Amino acid sequence: MIYQKTGTPFPSKKRYNQVFEYMFIFSKGSPKIFSPVLKLNKTGGDFRKKATQRKKNGEQKKIKNRLTNEYGIDNNIWRVRNGMYKSTKDVIAFEHPAIMPEEIAKKHIISWSNEENLIYDPFMGSGTTAKASHILKRNWIGSEISQEYCNLAEERLKKYLTQTTLF
């Protein structure tokens with residue numbers, strides 16, 4: 001899957017800008033859970049106008065107006081706003097140099113887990129995955145080697161939890 005960033009804060013004049021990141025989904029066998037994220041179709045559930053369909057011989061055939069579905073399954077490229085105050089209103093998170101947008105974490109958590117499942121984040125950073133897990137009623141655990149980021153995540157998450165210490 002691909003996370004397409006909507007902008008880069010410091011465009012380079014010496015190379016093309018990196019505007020996407022790969023997102024890998026690993027599972028042993030088929031994923032046990034898949035709850036696809038839905039997106040609003042461009043037509044918004046409106047009647048299609050001037051719809052045509054191509055026949056086998058190449059000619060176009062007019063199709064009667066019909067109502068399209070309001071929502072459809074999202075694709076494997078997620079275009080998400082990034083940067084200060086765009087991906088989250090959580091100012092504490094931006095003390096980390098490479099914050100993941102909350103929308104990315106939420107979409108993955110919804111797609112690959114159910115409520116009360118355990119979510120593990122091996123690179124916890126500022127705690128975005130933990131925050132999203134808590135909001136979406138999942139249990140979570142995270143690992144982080146930087147004490148600075150552990151402190152940052154603890155500060156960020158304390159309003160969501162009643163525990164006094166997270167790490």
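The questions and answers below go through a predicted model, taking a sheet, a helix and a surface patch in turn.

Biologist: In what order do the three strands of the open sheet stand?

Modeller: The pairing in this open sheet is mixed. Strands of a sheet pair through backbone hydrogen bonds, either parallel or antiparallel. Here S1 and S2 run antiparallel and are joined by three bridges, while S1 and S7 run parallel and are joined by four bridges. The order is S2-S1-S7.

Biologist: Which strands stand at the edges of the sheet?

Modeller: An edge strand here has a single partner strand, so one side of it is left without a neighbour in the sheet. From one strand to the next, the twist averages 20°. The edge strands are S2 (20-22) and S7 (77-80).

Biologist: Which residue in S2 is the bridge partner of Tyr3?

Modeller: Strand S1 covers residues 2-5. Within S1, Gln4 stands opposite Phe20 in S2, and Lys5 has Val80 in S7 as its bridge partner. For Tyr3, the partner in S2 is Glu21.

Biologist: Which residues make up the covered face of S1?

Modeller: Helix H1, residues 102-112, lies across S1 and S7 and runs at about 145° to S7. S1 has two faces, and the uncovered one holds Ile2 and Gln4. The covered face holds Tyr3 and Lys5.

Biologist: Is Ile109 buried or exposed?

Modeller: Ile109 is found in helix H1. Leaving out residues up to four places away in sequence, Ile109 touches Ile119, Thr129, Ala132, Ser133, Leu136 and Arg138. The cut-off for buried is under 20% relative accessible area. Ile109 has 4%, so the residue counts as buried.

Biologist: What separates the C-alpha atoms of Ile109 and Leu136?

Modeller: Leu136 is one of the residues that Ile109 touches. Along the chain the two are 27 residues apart. Their C-alpha atoms are separated by 7.9 Å.

Biologist: Is Leu38 buried or exposed?

Modeller: Leu38 lies in strand S3. A residue is exposed at over 50% relative accessible area. The value for Leu38 is 52%, so this residue counts as exposed.

Biologist: How much accessible area does the nonpolar patch on the surface have?

Modeller: Strand S3 (38-40) and strand S6 (71-73) each supply at least two residues of the patch. Its members are Leu38, Leu40, Tyr71 and Ile73. Together they have an accessible area of about 440 Å².

Notes
Residues are numbered from 1 along each chain as its sequence is written. This is a predicted model: local features need pLDDT of at least 70, side-chain atom pairs count only at pLDDT 80 or more; totals for chains, interfaces and linings use all residues. Side-chain values use heavy atoms; hydrogens and water are left out. Two strands pair if DSSP finds at least two bridges between them. Axes are lines fitted to C-alpha atoms, for helices over the stretch in contact, and angles run from 0 to 180 degrees between N-to-C directions. Contact means heavy atoms within 4.5 Å. Patches are made of residues with over 30% relative accessible area and no salt bridge: like charges are joined within 9 Å, nonpolar side chains (Val, Leu, Ile, Met, Phe, Trp, Tyr) within 5 Å. Accessible areas come from the Shrake-Rupley method with a 1.4 Å probe; for residues, only the protein chains shown count as cover. A salt bridge is a side-chain nitrogen of Lys or Arg within 4 Å of a carboxyl oxygen of Asp or Glu. Buried means under 20% relative accessible area, exposed over 50%, partly exposed in between (1.4 Å probe, protein chains only).
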